[in-house]
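Me: I have a structure open and want to talk through how it is put together. Can we go piece by piece?

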Amino acid sequence: MSATADDQFYREYILDHYKNPRNYGRLENPDISHEEDNPLCGDVIGMDFRVTDGVIEDVKFHGRGCAISQASASLLTERLKGLPLEDAKKINKADVLGELGIDISPARIKCALLSLKVLKVGAYGLAGSDEDEE
Amino acid sequence: MAIKTFDVTTVRKDFPIFETGIAYLDSANTSQRPRQVTGAMLEYFEKFNSNIHRAAYHIAEEATVRYEATREKVRDFINASSTKEIIYTRGTTEGINLVAYSWGRKHVKKGDLIVLTIIDHHSNIVPWQILAAEKGATIEYVDIDERGELRQDQFRKLLERSPKLVAFGQVSNALGTINPAVEMVAAAKAAGATVLVDGAQGAPHQGVDVRALGCDFYAFSGHKMLGPTGAGILYGRRELLEAMDPFMSGGDMIKTVRVEGTTYHDLPWKFEAGTQAIAEVIGLGAAVDYLTALGMDAVRAHEREITEYAYEALSDIEGLTMYGPPPSRRSGVVSFSLAGIHPHDLATIADRDQVCLRAGHHCAMPLMTRLGVAATARASFYVYTQKDEVDRLVGSIKEAQRIFK
């Protein structure tokens, strides 16, 4: 298969988010900070949130990983900024995969959903809920 | 002395999977199986499928004979003194767990030292961590030098503290490092330690002579040496095995069972409770036959040629970092990373060219931490690997670099 700009999997915007991740870094004194790792490969993603009056005022992510996990995290942070925390909790797998816009094989689905797991566990942790990230 | 060689094109004809067009570079993970192995298993299923050690009818006798024949083949393959020292397991992991439970729980006490290495596979770390936590024992890990070889000076220092157990891999699955096992076992034995060698990557590629090696336990898996999954071997020195209690208990491992108590079966069956993986053990016997016919020296020579070829081809690629020792001191494993490209992305791109490449921590997270990486890409070779598969890997790497440029 030849490598072209319209590669069906490594699309230009995925590579762009991988090489130039949005909202990458740490927040000082975040209201929520949570990390998860992908046991398959040892990759780690963490997110810091500043929440004011129930709204995600700022979010940053950090960690290391493949193009899919990094692009997925970068895309997710763009969507989260300014979103009420209650709405953020409703973001589901289909939303994240839809945003990535590529066909993800079962072997790579954990990469794509790692940042969502960070969000869910982090957000529900702050709310003091027992709900699982699923 | 001239080493016997084999023709890889002829060998590949025994492996129908290559008709699919894949380049298979993940043999350290699991090997492919030749027709001789699947055929032996199929013959059992179709001609004498029955349970062993129990029935008086003909096909059950045939099944028992073929099942037990593997024991002698393996004994010969690893040069053990007796088939009583050959215990069937599901694989290396079960073999090590058997020792950790049956030997470890009896002999390891509070304050004892267990010596492992930083390049060990999780299966040779976690059972000992559980044992150490339960007993209040301490674990120390032998570190590696910048070439990915165990620091022998540090190992000797640890031996001065009289460890109860020393456990290490004959060959590293993640780096391919061939450890100086004979010297290490001798030093550990001289220090009074019981020694377990994880042969998962050793037996299939280097072979082993357990008597020359001098270890107390040696565990390996059938599925990494052309056999099926679900059948492996634990070798143990007879006097140690005799003194150990069973690991699993139930049917077939007993002599008599009364309501007052039970007497255990003789070796090796004392450690083989319940209905065994009969077809898989028969398949493992066929795998041993296959490797024996090729000759382990020829296997090693072939792998070395491929490894040297891969090492050179990958050395030429810009932005590629290889881990581990030079080809002369490594098994058929090349672990590497690419600047700016995650191993998983490389593996996905390689997969599109039907190149099967492993990406990840290779069940050696302490080593990955030591190397300061989360994951590496790993190409690993075996008797059927040919140079054009390495060329295809190089093509996939260049493809990945084009996409990620």
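Me: How many residues of domain 1 of chain B are in contact with domain 2 of chain B, and how many on the other side?
Reply: This is a predicted model. In it, 24 residues of domain 1 of chain B are in contact with 29 residues of domain 2 of chain B.

Me: Which elements give two or more residues to the domain 1 side?
Reply: Helix H11 (296-315), strand E12 (333-338) and H13, all of chain B. H11(B) has the largest share, with four residues.

Me: How does that side divide into nonpolar, polar and charged?
Reply: There are 11 nonpolar, seven polar and six charged residues on the side of domain 1 of chain B that touches domain 2 of chain B.

Me: Back up a bit. What are the bounds of the domains in chain B?
Reply: The domain assignment gives 8-32 + 295-403 as domain 1 and 38-293 as domain 2. The C-alpha centres of these two domains of chain B are 27 Å apart.

Me: OK, the sheet in chain B. What is the strand order, and is it open?
Reply: It is an open sheet of seven strands, ordered E2-E8-E7-E6-E5-E3-E4 in chain B, with mixed pairing. At the edges are strand E2 (86-89) and strand E4 (138-142) of chain B, each of which pairs on one side only. From one strand to the next, the twist averages 20°.

Me: Take the E4 edge. How many bridges are there between E3 and E4 of chain B, and in which sense do they pair?
Reply: Five bridges, in the parallel sense, with strand E3 of chain B covering residues 113-117. Within that pair, B:Thr117 has B:Val142 in E4(B) as its bridge partner.

Me: Which strands does helix H5 of chain B touch?
Reply: Helix H5 (residues 126-135) of chain B packs on the sheet and touches E3, E4 and strand E5 (165-169) of chain B. The direction of H5 of chain B makes about 150° with that of E4(B).

Me: And H7 of chain B, what does that one touch?
Reply: Helix H7 (residues 181-190) of chain B also packs on the sheet, touching E5 and strand E6 (194-198) of chain B. Its direction is about 160° from that of E6(B).

Me: I was looking at B:Lys189. Where is that?
Reply: B:Lys189 is in helix H7 of chain B.

Me: Why does B:Lys189 count as partly exposed?
Reply: Because 16 other C-beta atoms lie within 10 Å of B:Lys189. Buried would take 20 or more, and exposed 12 or fewer.

Me: Which residues is B:Lys189 in contact with, leaving aside neighbours within four places in sequence?
Reply: B:Val195 and B:Gly214. B:Gly214 is 25 residues from B:Lys189 in sequence, and their C-alpha atoms are 8.3 Å apart.

Me: Now the other edge of the sheet. How many bridges join E2(B) to E8, and do they run parallel or antiparallel?
Reply: Four bridges, running antiparallel, with strand E8 of chain B at residues 232-236. B:Thr89 is opposite B:Gly232 in E8(B).

Me: Which way do the E2(B) residues point, and are they buried or exposed?
Reply: B:Ile86 and B:Tyr88 point one way from E2(B), while B:Ile87 and B:Thr89 point the other way. All of these are buried.

Me: Switching to the chain contact. How many residues of chain B are in contact with chain A?
Reply: 17 residues of chain B, against 16 residues of chain A. On the chain B side, H12, strand E14 (358-360), helix H13 (365-371) and H14 each supply at least two residues. H12(B) gives the most, with four residues. By class, that side has seven nonpolar, five polar and five charged residues.

Me: At what angle do H12 and H14 of chain B cross?
Reply: Roughly 120°, with the axes of H12 (residues 343-352) and H14 (residues 387-403) of chain B coming within 9 Å. The crossing of H12(B) and H14(B) is right-handed. The residues making the contact include B:Leu346 and B:Ile349 of H12(B), and B:Leu393 and B:Ile397 of H14(B). By class, the contact has seven nonpolar, one polar and two charged residues.

Me: Last one, chain A. How many helices and strands are there?
Reply: Five helices and three strands, and along the sequence chain A reads α-β-β-β-α-α-α-α. Of the 134 residues in chain A, 36% are buried. Among contacts in chain A between residues at least 6 apart in sequence, 62% join residues at least 24 apart.

Definitions and conventions
Residues are numbered from 1 along each chain as its sequence is written. Chains are lettered from A and ligands numbered from 1 in the order in which they are written. This is a predicted model: local features need pLDDT of at least 70, side-chain atom pairs count only at pLDDT 80 or more; totals for chains, interfaces and linings use all residues. Axes are lines fitted to C-alpha atoms, for helices over the stretch in contact, and angles run from 0 to 180 degrees between N-to-C directions. A crossing is left-handed if the near helix is turned anticlockwise from the far one by less than a right angle, and right-handed if clockwise. Two residues are in contact if their C-beta atoms, placed from the backbone, lie within 7 Å. Ala, Val, Leu, Ile, Met, Phe, Trp, Tyr, Cys and Pro count as nonpolar, Asp, Glu, Lys and Arg as charged, and the others, Gly among them, as polar. Domain bounds come from an automatic or database domain assignment. Two strands pair if DSSP finds at least two bridges between them.
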